[in-house]
Amino acid sequence: MIVTIDSHSGFCAGVTGAIRRAENELQQTGQLYCLGDIVHNGQEVQRLEKLGLETIDYDDLRTIHNARVLLRAHGEPPSTYWIAQQNGNTIIDGTCPVVKRLQQRIAETYNAHKHDNPQPQIAIFGKRGHAEVIGLQGQTNNTAIVIEKPEEAETLDFSRPIYLFSQTTKSVEEFNQLVEHIKGKISDLGFQIANFKFYDTICRSVANRVEQLKTFAREQDLVLFVGGTKSSNAAVLFNHCKQANPNTLFITSPDEVEDKIKSSNSPQGVQIARRAFKSSNLKVGICGATSTPLWLMEQVRDKLTILTGH
Ligand code: SF4
């Protein structure tokens with residue numbers, strides 16, 4: 001059996017940076033609060049919790065005083081900084097620099113045009129309720145309109161100026177579809193196309209992963225995709241992987257490896273399972289999301305090696 005870990009899988013630079021900041025702080029003080037899960041991966045959260053990291057929510061943030069609080073890579077709205085300061089808490093800002101720049105661009109656009117007449121609309125192509133999107137909406141005093149799918153563009157007023165941005169982890173293809181949809185609507189209704197400004201603010205470290213991952217998946221007989229159930233990036237990448245190679249299984253921890261392979265209902269699942277445990281030339285690929293730690297993919301590889309004896 002040939003087992004390969006995808007070299008493009010694992011934490012993006014933003015998540016790596018936030019985790020490093022947490023580790024540095026924990027090394028010095030042994031205790032640190034983090035607002036929300038530092039990464040959408042339960043195993044990595046548990047590892048850091050053992051070092052002294054404590055995950056808190058917004059209600060907790062209002063009650064703690066004079067503490068050190070880490071903000072994760074997704075970023076936060078201005079209100080979070082304000083609440084923390086009111087209670088004398090120190091912010092350790094782990095916001096990814098790419099997200100930070102996007103927040104600044106949206107804030108600048110909002111402040112430059114908020115008194116224009118007719119009043120412009122700031123639209124964000126992203127997942128409603130996602131931490132990054134909440135942070136972006138906060139830059140506009142929560143006036144930005146969130147659009148999850150191109151069809152939802154209908155909520156916009158095409159007669160007024162539109163400034164469109166994107167959450168960093170959205171699909172480039174869907175963003176382009178949305179742009180074309182809005183352009184079509186504006187011209188069909190006879191309004192000014194020049195009033196529509198759009199900015200592709202999708203992070204390429206994630207966007208480029210889709211094609212790399214599909215290529216990797218196609219080269220394997222069996223793919224074990226390692227990810228957390230709370231991660232939207234894991235869900236999206238897993239689907240791409242499964243399309244490229246139907247023999248792709250979603251694994252959250254090494255303990256699931258045996259059961260998932262044996263109960264696989266993929267087109268060649270039974271055959272693949274039999275070969276995984278008997279063949280020495282089966283190609284198995286291990287990959288994951290931007291929230292999947294390398295150590296977890298390595299544990300899955302080790303577990304597979306022990307189980308199959310190859
Ligand atoms: S996906 Fe890109 S923008 Fe988002 S945290 Fe990672 S590096 Fe930053």
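Is R160 buried, partly exposed or exposed? R160 comes out as partly exposed, at a relative accessible area of 27%. Keep in mind for every view below that this is a predicted model.

**View 1. The whole protein, before zooming in.** Laid along its principal axes, the C-alpha atoms of the protein fill a box of roughly 70 × 55 × 25 Å. Inside that box sit 12 helices and 12 strands. The protein has 310 residues, and 50% of them count as buried. If you take the contacts between residues at least 6 apart in sequence, 67% of them join residues at least 24 apart. The domain assignment splits things three ways: domain 1 covers 2-8 + 205-308, domain 2 covers 13-96, and domain 3 covers 98-167 + 169-198.

**View 2. Where domain 1 meets domain 2.** The C-alpha centres of these two domains, domain 1 and domain 2, are 30 Å apart. Domain 1 brings 12 residues to the contact and domain 2 brings 8 residues. Between them they bury about 750 Å², with 53% of that on carbon and sulfur atoms. On the domain 1 side, K230, S291 and W295 give up the most area to domain 2, and together they account for 52% of what that side buries.

**View 3. K230 and D37, up close.** Here the side chains of K230 and D37 meet in a salt bridge, 2.8 Å from N to O. The count of salt bridges between domain 1 and domain 2 is 1. There are also 2 residue pairs in polar contact between these domains, domain 1 and domain 2. As for the residues on the side of domain 1 that touches domain 2, they divide into 3 nonpolar, 8 polar and 1 charged.

**View 4. R68 and E25, a link between a strand and a helix.** Searching the whole structure turns up 14 salt bridges. One of them pairs the side chains of R68 and E25, at 2.9 Å from N to O. R68 belongs to strand β4 (residues 68-71) and E25 to helix α1 (residues 13-29), so this pair ties together parts that are 43 residues apart in sequence. How much of each partner is accessible? R68 is partly exposed, with a relative accessible area of 35%, whereas E25 is buried at 11%.

**View 5. R128 and E148, a link between two loops.** The salt bridge between R128 and E148 has its closest N and O atoms 3.8 Å apart. R128 sits in the loop between β6 (121-125) and α6 (131-138), and E148 in the loop between β7 (145-147) and β8 (162-166), so the pair ties together parts that are 20 residues apart in sequence. R128 counts as partly exposed, at 46% relative accessibility. E148 is partly exposed too, with a relative accessible area of 23%.

**View 6. R160 and D157, back to the opening residue.** The side chains of R160 and D157 meet in a salt bridge, with 3.6 Å from N to O. As for accessibility, R160 is partly exposed at 27%, and D157 is partly exposed at 29%.

**View 7. E23, E44 and R47, a small set of shared partners.** This last close-up leaves the simple pairs behind. Salt bridges that share partners join E23, E44 and R47 into one network. As a general point, side chains of opposite charge can pair when their charged atoms come close.

Notes
Residues numbered from 1 in each chain as written. Predicted model: local features only at pLDDT ≥ 70, side-chain atom pairs only at ≥ 80, totals over all residues. Heavy atoms only, no water. Domains from an automatic or database assignment. Contact = heavy atoms within 4.5 Å. Buried area = accessible area lost by both parts, 1.4 Å probe. Salt bridge = Lys/Arg side-chain N within 4 Å of Asp/Glu carboxyl O. Polar contact = N/O pair within 3.5 Å; in protein donor to acceptor, adjacent residues only side chain to side chain. Nonpolar A, V, L, I, M, F, W, Y, C, P; charged D, E, K, R; others polar. Helix = DSSP H or I, 4+ residues; strand = E, 2+ residues; numbered from the N terminus. Buried < 20%, exposed > 50% of the residue type's maximum accessible area, 1.4 Å probe, protein only.
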